[in-house]
Amino acid sequence: MRHSWPLGPPAATIMELRAIWQFLLRRWWLILLPAVAAFALALPGLRGMISPPVTYSTQIRLTAATPPDAVESGAATAPYEDSVYVPFLASEYVVVNLPAWITSDTFAIEVRARLAGSGLDIAPAEDLKPVFAADSYRSVLTLYVAWDDEAELRAIAEAAVEVLQRRSDFYLPQSPAPLNVVAWDTVKVTQVAPPLMTRFQPLLRIAVGLAAGIGLALLAEYLDGAVHSRADVEALGLTLLGEIPPER
């Protein structure tokens with residue numbers, strides 16, 4: 001059932017709203033102080049929230065295996081060895097190890113050296129390291145590359161594939177020769193929208209600061225033993241004889 005107040009809201013409601021208003025007047029500075037501090041910290045990120053930076057990414061699926069003619073000296077092949085199953089099993093073992101190398105410092109160094117050899121000085125190795133990610137499923141490796149420039153992203157992705165094809169035996173000593181790495185996909189660049197959590201992070205910081213300010217104000221009000229209104233006097237069980245109105 002919907003209730004209505006034909007003669008206006010009850011007096012208790014008016015008193016509660018008046019008490020809240022008086023509380024805000026007393027503690028407004030304590031409420032705003034953390035919010036202003038949070039706004040100052042979030043100010044650099046507001047521009048990115050309004051016009052987020054453009055990011056590009058690509059993903060390439062690859063297969064990798066030890067060359068079939070790369071047999072170590074002195075190694076014997078068992079007569080019962082399955083010539084089909086064993087290479088596929090070895091390929092799975094190889095692909096499982098490659099994501100760890102792709103996300104390492106040395107891979108970024110190798111990619112930067114490959115880019116420098118092509119006359120491109122895009123970024124130092126420490127900036128290239130977080131650009132790469134990879135995962136594997138059985139014998140299929142997926143390489144992920146993200147960057148803020150489309151043309152540079154293509155060059156970085158192509159250099160990464162070349163490093164996988166030419167420098168793998170140096171970092172995987174189990175392979176006596178460079179791996180046979182075959183890319184299934186060409187470099188297709190797509191524009192990536194930033195995550196919503198990243199875009200609205202400045203607003204979340206301001207909201208947290210405002211909530212902290214309200215919490216501090218409520219705590220200060222709870223610990224304050226001063227008498228501010230008629231209700232405070234009546235709450236002490238005292239009889240109010242008179243009241244001096246505030247100056248207008």
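Colleague: How many salt bridges does the count come to?

Modeller: The count comes to eight salt bridges. Please keep in mind that this is a predicted model.

Colleague: Let's take one of them. What makes E221 and R26 a salt bridge?

Modeller: The rule asks for a side-chain nitrogen of Lys or Arg within 4 Å of a carboxyl oxygen of Asp or Glu. In this pair the closest N and O atoms are 2.5 Å apart, so E221 and R26 meet the rule.

Colleague: And why does this pair tie together parts that are apart in sequence?

Modeller: Because E221 lies in helix α8 and R26 in helix α1, the pair ties together parts that are 195 residues apart in sequence.

Colleague: Which other residue forms a salt bridge with E221?

Modeller: R27 does, with the closest N and O atoms 2.9 Å apart. This pair, too, links distant parts of the chain, with R27 in helix α1 and E221 in helix α8, 194 residues apart. R26, R27 and E221 are thus linked in a network of salt bridges.

Colleague: What are R26, R27 and E221 called: buried, partly exposed or exposed?

Modeller: The word buried is used under 20% relative accessible area, and exposed over 50%. R27 has 12% relative accessibility, so R27 counts as buried. R26 has 26%, so R26 is partly exposed. E221 has 22%, so E221 is partly exposed as well.

Colleague: What about R112 and D121, how do you know that their side chains meet in a salt bridge?

Modeller: Their N to O distance is 2.9 Å, and the cut-off is 4 Å, so the pair counts. Here R112 is partly exposed because its relative accessible area is 30%, whereas D121 is called exposed because its value is 62%.

Colleague: Back to α8. How do you know that its reach is close to what is expected?

Modeller: Helix α8 covers residues 201–223 and has 23 residues. From its first C-alpha to its last it reaches 33 Å, and the expectation at 1.5 Å a residue is 33 Å.

Colleague: Which residues of α8 are buried?

Modeller: They are P202, G209, G213 and A217.

Colleague: I214 is in that helix too. Why is I214 called partly exposed?

Modeller: Its relative accessibility is 38%. Buried would need under 20% and exposed over 50%, so I214 falls in between.

Colleague: Which residues form the nonpolar patch on the surface with I214?

Modeller: W28, W29, L32, V36, L210 and L218 form it together with I214, and the seven have about 690 Å² of accessible area together. The elements that give two or more residues to the patch are α1 (11–50) and α8. Helix α1 gives the most, with four residues.

Colleague: Now to the interior. What makes up the largest nonpolar core?

Modeller: This core has 36 residues, and those with the most contacts inside it are L98, F107, V111, F132, I156 and L164. Elements that each supply at least two residues include β1 (55–65), α2 (85–102), α3 (105–117) and β3 (140–147). Helix α5 gives the most, with nine residues.

Colleague: What does I156 touch?

Modeller: Leaving aside residues up to four places away in sequence, I156 touches V111, L115, I122, L128, V131, F132, V145 and W147.

Colleague: What makes R114 partly exposed?

Modeller: R114 is found in helix α3. It has 22% relative accessibility, and buried means under 20%, so R114 counts as partly exposed.

Colleague: How far apart are R114 and E162 in sequence and in space?

Modeller: They are 48 residues apart in sequence and 8.1 Å apart in space, C-alpha to C-alpha. R114 touches E162, and its other contacts beyond four places in sequence are A159, V163, R166 and R167.

Colleague: What is notable about phi of R138?

Modeller: Phi is near 55°, a positive value in a residue other than glycine. R138 has its place in the loop between β2 (132–137) and β3. With a relative accessible area of 55%, which is over 50%, R138 is called exposed.

Colleague: And the protein as a whole: how many helices and strands, and how much of it is buried?

Modeller: The secondary structure comes to nine helices and five strands. Of the 248 residues, 25% count as buried. The protein exposes about 17200 Å², with carbon and sulfur atoms supplying 62% of it. Among contacts between residues at least 6 apart in sequence, 77% join residues at least 24 apart.

Conventions
Residues are numbered from 1 along each chain as its sequence is written. This is a predicted model: local features need pLDDT of at least 70, side-chain atom pairs count only at pLDDT 80 or more; totals for chains, interfaces and linings use all residues. Side-chain values use heavy atoms; hydrogens and water are left out. The expected span of a helix is 1.5 Å times one less than its number of residues. Buried means under 20% relative accessible area, exposed over 50%, partly exposed in between (1.4 Å probe, protein chains only). Patches are made of residues with over 30% relative accessible area and no salt bridge: like charges are joined within 9 Å, nonpolar side chains (Val, Leu, Ile, Met, Phe, Trp, Tyr) within 5 Å. Accessible areas come from the Shrake-Rupley method with a 1.4 Å probe; for residues, only the protein chains shown count as cover. A nonpolar core is a set of buried Ala, Val, Leu, Ile, Met, Phe, Trp, Tyr and Cys residues joined through side-chain atoms within 4.5 Å. Contact means heavy atoms within 4.5 Å.
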